[in-house]
Every structure is written in C-alpha cells, then in structure tokens.
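Me: I have a model open and want to learn how to read it. Can you take me through its features one at a time?

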Amino acid sequence: MEERSEYRIEDLARLGGATVRTVRAYQDRGLLPRPERRGRANVYGDEHLARLQQIADLLERGYTLASIKELLEAWDTGRGLGGVLGLVAEVHGPWTDEQEDRISRAELDAAFGSTPDEDAVREAVELGVLERVPGRDDEFVVPSPQELAVAVELYAAGVPLAAISGHLRELRGQVEHIAGRFLEFTTEHVFARYLDRRPPTDADAAEAAALVRRLRPLAQQTVDAELARAMRTLATRHLQQQLAPPGPPKEDEHRLTSLPAATVEAVTRLVGAAQVAEFVTAAVEREVQSRRLDALAPPPQPHHVVGQSD
C-alpha cells in the first residue's frame, strides 16, 4: 500500500506556492477541504496540495475565487471537471504560433540607434512589448518578436519612439474592441448552448473546447483579410491625394467658421436662443446664393457720357 504524504500547514503553503494566511483563507471560503485533526495538530495530505495547485492555476488564468468555488463544487459533487479544465486550457492556450524570444540590453540599444533611452524601455515594459527578467537588468523577454521587429523598422524609417508607442496604444484599443466583438458574436451564436449551465457539464465543456480549437484561427484570418482589403483601398486613395496637384478648394467643400460672440448675442436678442441656428443657416444660404448670382451676372459696362471725348 502506497504511503500517504502528510504536511503541516507551513509545508503545504510552501509546496503550493502560497502563504499560511492564504491557505487558511481558502479553508474559510470552502475552497480547500478541512485538514485532519490529530490531537492539537492539523494534518494535510496530497489532496490538499493538488487542490491548492489547482486553485493557483485557475487564478493565473484569470478566474475569480467565486467562479473557482463553483468549479470545485461541481468536481466534488461528481459532475466532473476534466472537460471544464480542458476548456480553460484551450482558451488560455496560445493564440498564435509565434514563440517568445529574449534580447539583451546591448542588442536592444543597438536596434534603436545605440543610444540608451530609459523612458522608452519603461514604456515598452508597460505596454508588454518587453518583460523584465527577474534578477537581470541586462536582459528582457520579448513576447512578440514580430511586434518588436515592426517597432525597429518604423524607428529606422524615421518614426520617433514616442509616436510608435502612441500608435501602439491606439491600435491596441481598436484591436481589443474587435476581439471583444468576435467573442460576443461567437458566444451568442455558438457557445451559449454549451454554457447555459454554471458550471457546464463535463461533456458540454469538452465539446466547447473542441470548438474553440476549430474557431481559434478564424478571428485572425478575418482581420488579416479585411486589413489587406482596407489597406489596398485606402493606400491607393491616400497616394492619389498626395500626388494630386494643388488647386482651389471644391465648391462643395465644407468649412467650419466661428461667429464673433457679439454677432451671436445680437442674433439671440433678435430671434431668441432657440432660433439662432436656423437664422444663421438661412443667412448663410442667402449669402451663398447672392454670390453665385453675382458670379453669373455679366460685369458692368463703363458708363459713357454723351459728348465726352475719349
């Protein structure tokens, strides 16, 4: 018979990567089974260590303690957790084939003009373009070498680092919006039927995980195709505008003009605040019409006095 491991609470916390206070908090919330009481000592076993590691893994994947408790209660009541954990692993898995890399500080400085820029490095770390290596000031993890390579090329083309980071922040917000919409769309039309029970059954979760695996590349494929289409259309239009010879503005070109405050006050006293916009619009239309008529009218002939010699 295999001997069962036994731990004191201090040993359990150390092996599970937690603190004694955290272990006690998990017990109070019902996430961790109560230990076996032997005299005045509490004794924990391998099942406690496995549960503690399971909680840490789910927390790292972004789950709250409340949702973890639901999952673990499902497991404890025999509903099964294998499919749910498979779904968690599938969603948390890599969404790209790109592999992270490392770069030294010397290589980083050389890629960006050989001039150290601490502010730029701090901003890159804040954006997640670089990640610091614990205990190493001269080396960084690069989660996306492609993203860093784009920044290097833009900098070499003359784009300032501040402009690159600002563009990335703007782009990230737009891309996160697209990702959120794709998740809402697929949840509504694909995954809702698997997730109507909280937590889902083992079989439903396993089937949903298989669907995530199938649908994973669709978002990137759609964005790639639409980005290529938009770039082709807009780049052509943009080039035409840049190469077009300068000329007078088009007649239908709209311009914003600020009215003097005194004029606005006079119009308000005349027609009332509610009618200011309508009055100004009508006045502008009359003026435009008058100018068009003046332009169409023949120029005045010089007045010739009878008997006056030329």
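Reply: Start with surface patches. A patch is built from residues with over 30% relative accessible area and no salt bridge, and like charges are joined within 9 Å. Asp and Glu count as negative. Keep in mind that this is a predicted model.

Me: Which residues gather in a patch of negative charge on the surface?

Reply: Glu100, Asp101, Glu107 and Glu131 form that patch. Take Glu107 as the example. Glu107 sits in helix α6, residues 105–111. Its relative accessibility is 47%, so Glu107 counts as partly exposed.

Me: Now salt bridges. What is the general idea, and how many salt bridges does a search of the whole structure find?

Reply: Side chains of opposite charge can pair when their charged atoms come close. Here the search finds 15 salt bridges.

Me: Which residue forms a salt bridge with Asp109?

Reply: Arg105 does, with the closest N and O atoms 3.0 Å apart. Both residues lie in helix α6, four residues apart, so about one helical turn separates Asp109 and Arg105.

Me: Are Asp109 and Arg105 buried or exposed?

Reply: The cut-off for buried is under 20% relative accessible area. Asp109 has 15% relative accessibility, so Asp109 counts as buried. Arg105 has 13%, so Arg105 is buried too.

Me: Where does the salt bridge between Arg105 and Glu118 tie parts together?

Reply: The side chains of Arg105 and Glu118 meet at 3.0 Å, N to O. Arg105 lies in helix α6 and Glu118 in helix α7 (residues 118–127), so this pair ties together parts that are 13 residues apart in sequence. Glu118 is partly exposed, with a relative accessible area of 42%.

Me: What about a salt bridge within helix α1: how many residues apart are Arg14 and Asp11?

Reply: They are three residues apart, about one turn of the helix. In the salt bridge of Arg14 with Asp11, the closest N and O atoms are 3.7 Å apart. Arg14 counts as exposed because its relative accessibility is 58%. Asp11 is partly exposed, at 21%.

Me: Which residues are linked in a network of salt bridges?

Reply: Arg102, Arg136, Asp138 and Glu139 are linked in that way.

Me: Let's go inside. How should I read a nonpolar core?

Reply: In soluble globular proteins, nonpolar side chains tend to be buried together. In this model, the largest nonpolar core has 16 residues. Leu12, Val23, Tyr26, Leu31, Tyr44, Ile55 and Ile68 touch the most other members. Helices α1 (9–15), α2 (20–28), α3 (46–60) and α4 (65–76) each supply at least two residues of this core. The largest share, four residues, comes from α3.

Me: Back to the surface. Which residues make the nonpolar surface patch?

Reply: Ile178, Val223, Leu227 and Met231 make it, with an area of about 360 Å². Helix α10, residues 202–243, gives the most, with three residues. Ile178 is found in helix α9, residues 161–191. Ile178 has 44% relative accessibility, so Ile178 counts as partly exposed.

Me: One last feature: pairs far apart in sequence. How many residues apart in sequence are Ala41 and Arg8?

Reply: They are 33 residues apart in sequence, and 8.2 Å apart in space, C-alpha to C-alpha. Ala41 lies in strand β3, residues 41–45. With 38% relative accessibility, Ala41 counts as partly exposed.

Methods. Residues are numbered from 1 along each chain as its sequence is written. This is a predicted model: local features need pLDDT of at least 70, side-chain atom pairs count only at pLDDT 80 or more; totals for chains, interfaces and linings use all residues. Side-chain values use heavy atoms; hydrogens and water are left out. Patches are made of residues with over 30% relative accessible area and no salt bridge: like charges are joined within 9 Å, nonpolar side chains (Val, Leu, Ile, Met, Phe, Trp, Tyr) within 5 Å. Accessible areas come from the Shrake-Rupley method with a 1.4 Å probe; for residues, only the protein chains shown count as cover. A salt bridge is a side-chain nitrogen of Lys or Arg within 4 Å of a carboxyl oxygen of Asp or Glu. The place of a charge is taken as NZ of Lys, CZ of Arg, CG of Asp or CD of Glu. Buried means under 20% relative accessible area, exposed over 50%, partly exposed in between (1.4 Å probe, protein chains only). A nonpolar core is a set of buried Ala, Val, Leu, Ile, Met, Phe, Trp, Tyr and Cys residues joined through side-chain atoms within 4.5 Å.
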